[in-house]
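Reader: I'm used to gels and assays, and a ribbon picture still looks like spaghetti to me. Could you walk me through how to read one?

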Amino acid sequence: MQEQQAAAFQNDLAKIAVPFTPQEPLAGHTTFRIGGPAAFWCQPQDTAQLRNLLACCRNHAVRTYFLGNGSNTLFADEGYDGAVIDLRGLAGELSVVQDGEEFLVTTGAGMTLGRLCAEAQQRGLTGLECFSGIPGTIGGAVYMDAGAYGGEMKDVLQEVAFLDDALELRTLPVRDLQMGYRTSIFEKNPSWCILSATVRLRAGDSGKILEAMQEFLRRRNEKQPLEWPSAGSTFKRPQGAFAGSLIEKCGLRGFSVGGAQISEKHCGFVINRGGATCADVVALTEEVKRIVRERTGYVLEREIRVVK
């Protein structure tokens with residue numbers, strides 16, 4: 001970003017009163033703990049601030065990237081030459097409306113899945129247990145149709161409210177969101193910003209819901225390298241196989257490039273053993289993809305988003 005452009009943009013950010021920090025290191029805002037500085041780190045606290053911020057970005061031709069909890073994101077070592085917009089200030093409060101024998105639960109895009117799962121459990125609402133322990137936000141979960149242990153967001157999602165290209169508020173039902181394995185209409189329209197999501201849950205026993213959540217957490221702790229920084233599952237599941245199993249079959253358990261390593265605990269995870277760079281992770285994943293393709297015929301695709 002040119003100095004004059006950055007100065008004018010910063011001046012207008014101050015006018016619209018959106019909290020921001022220039023040259024903010026992104027490594028501290030992702031679960032991978034990797035990434036250079038964002039030219040501007042912006043933290044809108046409500047929809048009005050967000051709309052003003054996006055209009056300001058457009059007026060100054062400033063690139064934007066929406067970030068939730070940073071759990072599926074790998075920022076470039078050079079950082080991001082634009083505005084990274086932290087949406088966690090748009091968490092809001094839960095709204096619960098009974099619809100026959102089911103309950104429609106609406107929450108802001110910035111709320112973490114962990115908090116939503118806990119709130120549902122306390123209210124005796126079932127349907128979210130499999131998401132317990134996923135370190136993302138609701139917005140991120142919708143964006144990539146997050147899932148685990150046989151469940152996906154599209155299974156419980158009712159509708160999503162968002163700002164479109166014209167910064168107009170729109171709402172679409174799940175049938176129109178083009179949700180599929182780790183994708184949605186929002187991935188195809190990155191300028192759309194998710195504001196809130198409504199999920200459809202059922203009444204259940206709070207104690208049993210808690211037991212199920214704890215069991216999913218136990219399985220995660222037992223099988224996944226949660227003690228190391230990572231971005232979660234590194235590769236998408238190829239048709240007819242599992243990425244971790246293919247990587248292990250190729251003898252790549254513990255394989256490393258710089259500070260990035262295939263986890264010895266779960267081969268589907270690339271972990272940051274300390275000091276890993278984006279370049280390390282990209283080089284490692286490209287080599288793993290090459291070896292797996294040559295030895296098994298399967299073509300792996302990264303699940304994590306590499307943002308430059």
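**Reading strands, turns and helices**

Author: Let's start with strand 11 (157-163). Five bridges join strand 11 to strand 12, and the two run antiparallel. Keep in mind that this is a predicted model.

Reader: Okay, so how do I see that pairing at the residue level? Which residue stands opposite Leu163 in strand 12?

Author: Look for residues that face each other across the two strands. Leu163 has Leu169 opposite in strand 12.

Reader: And what does the chain do between those two strands?

Author: Strand 11 and strand 12 form a hairpin with five residues between the strands. Within that hairpin, Leu167 takes a positive phi near 60°, although Leu167 is not a glycine.

Reader: Is Leu167 buried or exposed?

Author: Here you compare the relative accessibility with a cut-off: buried means under 20%. Leu167 counts as buried because its relative accessibility is 10%.

Reader: Where else is there a positive phi in a residue other than glycine?

Author: Try Ala17, whose phi is near 60°. Ala17 lies in the loop between helix 1 (3-16) and strand 1 (20-25).

Reader: Back to strand 11. Which strand pairs with strand 11 over six bridges?

Author: That's strand 13 (residues 193-203), again in the antiparallel sense. Val160 has Ala197 as its bridge partner in strand 13.

Reader: How many of the seven residues of strand 11 are buried?

Author: Five of them are, so strand 11 is largely enclosed by the rest of the structure.

Reader: Now sheets. How do I read the order of strands in one?

Author: Walk across the sheet from neighbour to neighbour and note each strand's number. One open sheet here has four strands in the order 14-17-16-15, with antiparallel pairing. At its edges stand strand 14 (230-233) and strand 15 (256-257). Each has a single partner strand, so one side of each is left without a neighbour in the sheet.

Reader: What joins strand 15 to strand 16?

Author: Two bridges do, and those strands run antiparallel. Ser256 stands opposite Gln261 in strand 16.

Reader: Which helix packs on that sheet?

Author: Helix 9 (residues 278-296) does, touching strand 15, strand 16 and strand 17 (269-272). The direction of helix 9 makes about 30° with that of strand 16.

Reader: What about helix against helix? At what angle do the axes of helix 3 and helix 7 cross?

Author: Picture a line through each helix, then check how close the lines come and how they cross. For helix 3 (residues 113-122) and helix 7 (residues 206-223), the axes come within 8 Å and cross at roughly 150°. An angle over 145 counts as roughly antiparallel, so that makes helix 3 roughly antiparallel to helix 7.

Reader: Which residues meet there?

Author: From helix 3 you have Cys117, Ala118, Gln121 and Gln122, meeting Ser206, Ile209, Leu210 and Met213 from helix 7. The residues of this contact divide into five nonpolar, three polar and no charged.

Reader: Let's zoom out. How many helices and strands does the protein have?

Author: Nine helices and 18 strands. To judge overall packing, compare the radius of gyration with what a globule rule gives. Here it is 20 Å, close to the 19 Å the rule gives for 308 residues, so the protein is as compact as a globular protein of that length. The C-alpha trace spans about 55 × 55 × 30 Å along its principal axes.

Reader: And what share of the residues is buried?

Author: Buried residues make up 51% of the 308.

How values were computed: Residues are numbered from 1 along each chain as its sequence is written. This is a predicted model: local features need pLDDT of at least 70, side-chain atom pairs count only at pLDDT 80 or more; totals for chains, interfaces and linings use all residues. Side-chain values use heavy atoms; hydrogens and water are left out. Axes are lines fitted to C-alpha atoms, for helices over the stretch in contact, and angles run from 0 to 180 degrees between N-to-C directions. Angles under 35 degrees count as roughly parallel, over 145 as roughly antiparallel, 65 to 115 as roughly perpendicular and the rest as oblique. Contact means heavy atoms within 4.5 Å. Ala, Val, Leu, Ile, Met, Phe, Trp, Tyr, Cys and Pro count as nonpolar, Asp, Glu, Lys and Arg as charged, and the others, Gly among them, as polar. Two strands pair if DSSP finds at least two bridges between them. The radius of gyration is taken over C-alpha atoms; the globule rule is 2.2 Å times the number of residues to the power 0.38. Buried means under 20% relative accessible area, exposed over 50%, partly exposed in between (1.4 Å probe, protein chains only).
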